[in-house]
Amino acid sequence: MSDNYLLESFTVETGDGVKLRTRVFKPRTEGNGNLGIVLVHPYSILGGCQGLLRGIASGLALNGYTSATFDMRGVGKSTGRPSLTGFAEVKDVVAVSNWLSNTFSLPRILLVGSSAGAPIAGSAVDQIEKVIGYVSIGYPFGMTASILFGRHHKAILQSAKPKLFIMGTQDGFTSVKQLRNKLNSAAGRVETHLIDGVGHFQMEGPGYDAEMVDLIIKFIASL
């Protein structure tokens, strides 16, 4: 617990019976009461977990936004098994988003996905009526990553909902050219923010949490 935000733990059940360990970071004072943020962690099979998103979630709570992180199926104390391509995990994003909206009376939800969490969150965007925007931190669009996550691309690229793609120019999974080529075909409002000289895992680290919080808050203000 911090002096300026409250941290609560919950268990959220998915439509297929998986129980997800979930943490909600709430502003102590009256915040931005009509929007909640759901953050989706990096690839479960490579050690991704909700703890990696604590810095961003707490920073958003300090700025007045109720934010949720959760361990996807098969991670930490969440039940079930992780999937190789992340399609089962889309159900996890849908369940937590709907639960956060209903439990805390938040009529609008922003999805934020980090690394492999970005394609998973992207596939959930149009499955959740209350989602009003999407932020990707290091979406793995490159050729090798596309073997696993390529079938997720279409959902987010065809969604009309506003999208922000944040990436380091030295991302080892996706080049700037690959990112731009992909986004050329995207529907709706699309923004990119490139961080010069930064690699994929470097940007996931705590040193960039404050910058991610600032970018997310600016994007929210534009919605």
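Okay, a definition first: on a 1 Å grid over the protein atoms alone, a cavity is a set of points where a 1.4 Å probe fits but cannot get out, and lining residues have an atom within 4 Å of a point. Grid points are joined across faces, edges and corners, and a volume is the space filled by probe spheres set on the points.

Before we go on, this is a predicted model, where local features need pLDDT of at least 70, side-chain atom pairs count only at pLDDT 80 or more, and totals for chains, interfaces and linings use all residues. Residues are numbered from 1 along each chain as its sequence is written, and side-chain values use heavy atoms, with hydrogens and water left out.

So, the overall picture. We've got eight helices and eight strands, which are DSSP runs numbered from the N terminus (helices H or I, at least four residues; strands E, at least two). The radius of gyration is 16 Å, close to the 17 Å from the globule rule for 223 residues, so the protein is as compact as a globular protein of that length. That radius is taken over C-alpha atoms, and the rule is 2.2 Å times the number of residues to the power 0.38.

Now the cavities. How many of 30 Å³ or more are there? Just one cavity makes that count. The largest cavity has a volume of about 60 Å³, and its lining includes Pro42, Ile56, Met203 and Asp209. Helix H7 (200-204) and helix H8 (209-221) each supply at least two of the lining residues.

Next, the pocket, meaning an open set of points with protein on both sides within 12 Å along at least five of seven lines. The largest one holds about 250 Å³ of space. It's lined by 17 residues, and nearest its centre lie Tyr43, Leu46, Ser115, Phe173 and Phe201. Which helix gives the largest share of that lining? That's H4, with four residues. Helix H4 covers 143-149, and H7 turns up here too, with at least two residues.

Last stop, a strand pair. Strand S7 (residues 163-168) and strand S8 (residues 190-195) run parallel over six bridges; a pair needs at least two bridges by DSSP. Between them the chain goes through helix H6 (residues 176-183), and this β-α-β crossover is right-handed. That is, with the strands pointing away from the viewer, the path from the first strand over the helix to the second runs clockwise. Within the pair, leucine 164 sits opposite glutamate 191 of S8.
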